[in-house]
Amino acid sequence: MIKDKIFTKPIKKQFEFDEAVVSVFDDMIGRSVPYYGVCVDLITQILAKNLAKNASVIDLGCSTATTLLSIHEARGDLVLSGIDSSEAMIKTAKDKAQAYGARLNLEVGDILEREISGFDAVLLNYTLQFIRPIKRAEFVAKIYNSLNENGIFIFSEKIIYEDKKFAKNMIEIYENYKQSQGYSRYEIAQKREALENVLIPYTEDENRTLVLNAGFKRVESVFKWGNFMSFVAFK
């Protein structure tokens, strides 16, 4: 695994999932998202216990297919698909799937534009936050409509807090966490600047309301650390 050193030099553009980022993505997300591996395992176990034999799962914004491969290992009977807008991500995902001997349906595409239907579970991990707020309600409604009866929607998001002082504390705690993972203060500041106006988080309540307004019967939080949360919504 190549180590993430993207932000050791001055940034020249906003953050995007280009080839440079993709080449270090697995290391980047593993060190940037607290307990990322734990969450992947948790999502895997939730699906393994709740999906019928030969159920279909799609990961929207699947990146390098880490989650899909974890699910494949736990439940080889499931029909697994993934979409990502980055060609480099999908190429890496296909290479990993081949190495694991996993049959995954992977394709390059815009998740906002592509029609999706007939799935028993939809995954959307740390992806909704990159979609412009004006488009989120319509997109989550599309996910609801794409699910079969009693379908499951699992999504993870970086969140914000309404209390400004507490929000500042949590940001500082997170930055200390990133330092403990080997990132310098300079790298942390560079990435924060690159993500400004690209990653736009909601509060926990805003995320819940978004999902319930789309028609989901209920939404449960299954993981939370600081500014990071995972939710499960039920159709």
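How much space lies in the largest cavity? About 40 Å³. Let's look around this chain and see what sits where.

## Ground rules

This is a predicted model, where local features need pLDDT of at least 70, side-chain atom pairs count only at pLDDT 80 or more, and totals for chains, interfaces and linings use all residues. Residues are numbered from 1 along each chain as its sequence is written, and side-chain values use heavy atoms, with hydrogens and water left out.

## The whole chain

The chain has eight helices and eight strands. These are DSSP runs, numbered from the N terminus: helices are H or I with at least four residues, strands are E with at least two. Of the 235 residues, 52% count as buried (under 20% relative accessible area, with a 1.4 Å probe and protein chains only).

## The cavity

A cavity is a set of points on a 1 Å grid, over the protein atoms alone, where a 1.4 Å probe fits but cannot get out; its lining residues have an atom within 4 Å of a point. Points are joined across faces, edges and corners, and the volume is the space filled by probe spheres set on them. The count comes to one cavity of 30 Å³ or more.

Helix H2 (residues 36–50) gives the most to the lining, with four residues. The full lining is Tyr-36, Cys-39, Val-40, Ile-43, Thr-67, Asn-125, Tyr-126 and Ser-156. By class, that's five nonpolar, three polar and no charged residues (Ala, Val, Leu, Ile, Met, Phe, Trp, Tyr, Cys and Pro count as nonpolar, Asp, Glu, Lys and Arg as charged, the others, Gly among them, as polar).

## The nonpolar cores

A nonpolar core is a set of buried Ala, Val, Leu, Ile, Met, Phe, Trp, Tyr and Cys residues joined through side-chain atoms within 4.5 Å. The largest one has 30 residues, and Leu-60, Leu-124, Phe-153 and Phe-216 touch the most other members. Apart from it lies another core of 25 residues, including Ala-93 and Leu-123.

Leaving aside neighbours within four places in sequence, Leu-124 has contacts (heavy atoms within 4.5 Å) that include Leu-60, Phe-139, Ile-143 and Phe-153. Two of the residues just named, Phe-139 and Ile-143, are among the buried ones of helix H5.

## A look at Phe-231

Is Phe-231 buried or exposed? Phe-231 counts as buried, because its relative accessibility is 0%. This residue is found in strand S8. Its C-alpha is 9.6 Å from that of Asn-125, although the two are 106 residues apart along the chain.

Conventions. 1 Å grid on protein atoms, 1.4 Å probe; cavity = no way out; pocket = protein on both sides within 12 Å on 5 of 7 lines; lining within 4 Å. Buried < 20%, exposed > 50% of the residue type's maximum accessible area, 1.4 Å probe, protein only.
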